[in-house]
Amino acid sequence: MIKVMLVDDHKMVREGVKQLIEFDGDIQVTAQASNGTDCLKLLDQELPDIILLDVNMIGMSGIDVLKEIRKNRIPVKVAMLTFHNEAEYLVNLVDIGVEGYILKDSSSAELVKAIKDIYQGETYIQPDLIPALNSRLVHRDEDREKIDALTRREIEVLKLVAKGHFNKEIAIQLDISERTVKNHISSIFRKIDVSDRTQAAVFAIKNNLITI
């Protein structure tokens, strides 16, 4: 029997998912939580095999819960059950160490398959999200190569550009001339393949060089 914990701040969603997956006969919902804090408390009492975790919850998000689980090396598999089909969410969660990513509009058969695959040690990503995930991972590798090509000073300048600072402000903050700032920016644009400050800012934010 596969033991599952359901974590979602909507009781109706938990009850619906419970009925769907327990109908299979090989899966049992042994615990439920309506928020991330209660989820972590329940894990101190008894470990399920898999947690089905909502991404968006009031207070502690599913992403924060997953980070805590991985940071504390709690031996449990985690699958996100969410409405978010954006590649950025998925890439972030894969990096943290999620074992599954399933959309809430999936069929019951797909959800049961995901649980069983994860229980067997596989990673389950909603099939129609895999192309977007692979594409984002490829672009991320390309971006990493671009970042590696930047000098330490160029990264400092890029971060300030992304924060909206003008050349004069950057020059004062880094104690260099405005001409030097302009030269750095020209080099940055060439290396990361952008044509203006807005594109450079988007690049910096997308690659977590700054947070907003």
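# Spaces, helix crossings and single residues

The lining of the largest cavity divides into six nonpolar residues, no polar residues and two charged residues. Here nonpolar means Ala, Val, Leu, Ile, Met, Phe, Trp, Tyr, Cys or Pro, charged means Asp, Glu, Lys or Arg, and polar means the others, with Gly among them.

The structure is a predicted model, in which local features need pLDDT of at least 70 and side-chain atom pairs count only at pLDDT 80 or more, while totals for chains, interfaces and linings use all residues. Residues are numbered from 1 along each chain as its sequence is written, and side-chain values use heavy atoms, with hydrogens and water left out.

## The cavity

How many cavities of 30 Å³ or more are there? The count comes to one. The largest cavity has a volume of about 60 Å³. Its lining is made of Leu6, Val7, Asp8, Val13, Arg14, Val17, Leu52 and Leu81. Strand 1 (2–7) and helix 1 (11–22) are the elements that give two or more residues to this lining. Helix 1 gives the most, with three residues. Helices (H or I, at least four residues) and strands (E, at least two) are DSSP runs, numbered from the N terminus.

On a 1 Å grid over the protein atoms alone, a cavity is a set of points where a 1.4 Å probe fits but cannot get out; a pocket is an open set with protein on both sides within 12 Å along at least five of seven lines; lining residues have an atom within 4 Å of a point. A volume is the space filled by probe spheres set on the points, which are joined across faces, edges and corners.

## The pocket

The largest pocket holds about 370 Å³ of space. Its lining has 13 residues. Which of them lie nearest the centre? They are Glu88, Val91, Asn92, Lys206 and Asn208. Helix 4 (87–96), helix 6 (130–149) and helix 10 each supply at least two lining residues. Helix 4 has the largest share, with five residues. By class, the pocket lining has four nonpolar, three polar and six charged residues.

## Two helix crossings

Helix 1 also meets helix 5 (residues 108–119). Their axes come within 9 Å and cross at roughly 75°. Helix 1 and helix 5 are therefore roughly perpendicular to each other. On the helix 1 side, the contact uses Val17, Leu20 and Ile21. On the helix 5 side, it uses Ser108, Leu111, Val112 and Ile115. Six of these residues are nonpolar, one is polar and none is charged. Val17 also lines the largest cavity.

Helix 7 (residues 152–162) packs against helix 10 (residues 197–206) at an angle of about 105°, with the axes 8 Å apart. That makes helix 7 roughly perpendicular to helix 10. Leu158, Val161 and Ala162 of helix 7 meet Arg197, Ala200, Ala201, Phe203 and Ala204 of helix 10. The contact has seven nonpolar residues, no polar residues and one charged residue.

Some terms need their limits. Axes are lines fitted to C-alpha atoms, for helices over the stretch in contact, and angles run from 0 to 180 degrees between N-to-C directions. Roughly perpendicular covers 65 to 115 degrees. Contact means heavy atoms within 4.5 Å.

## Five residues up close

Buried means under 20% relative accessible area, exposed over 50%, and partly exposed in between (1.4 Å probe, protein chains only).

| Residue | Place | Relative accessible area |
|---|---|---|
| Arg70 | helix 3 (residues 62–71) | Arg70: 22%, partly exposed |
| Asp175 | loop between helix 8 (167–174) and helix 9 (178–192) | Asp175: 70%, exposed |
| Asp193 | loop between helix 9 and helix 10 | Asp193: 61%, exposed |
| Asn207 | segment after helix 10 | Asn207: 11%, buried |
| Thr211 | segment after helix 10 | Thr211: 73%, exposed |

Most residues other than glycine have a negative phi. Asp175 has a positive phi of about 60°, although it is not a glycine. Asp193 has a positive phi of about 60° too, and it is not a glycine either.

What does Asn207 contact, leaving aside neighbours within four places in sequence? Asn207 is in contact with Asp143 and Ile147.

Arg70 touches Val76, Lys77, Val78, Ile96, Gly97 and Glu99, not counting residues up to four places away in sequence. Arg70 and Ile96 are 26 residues apart in sequence, and their C-alpha atoms are 7.5 Å apart in space. Thr211 and Ile130 are 81 residues apart along the chain, with 27 Å between their C-alpha atoms.

Key:
Parallel < 35°, antiparallel > 145°, perpendicular 65-115°, else oblique.
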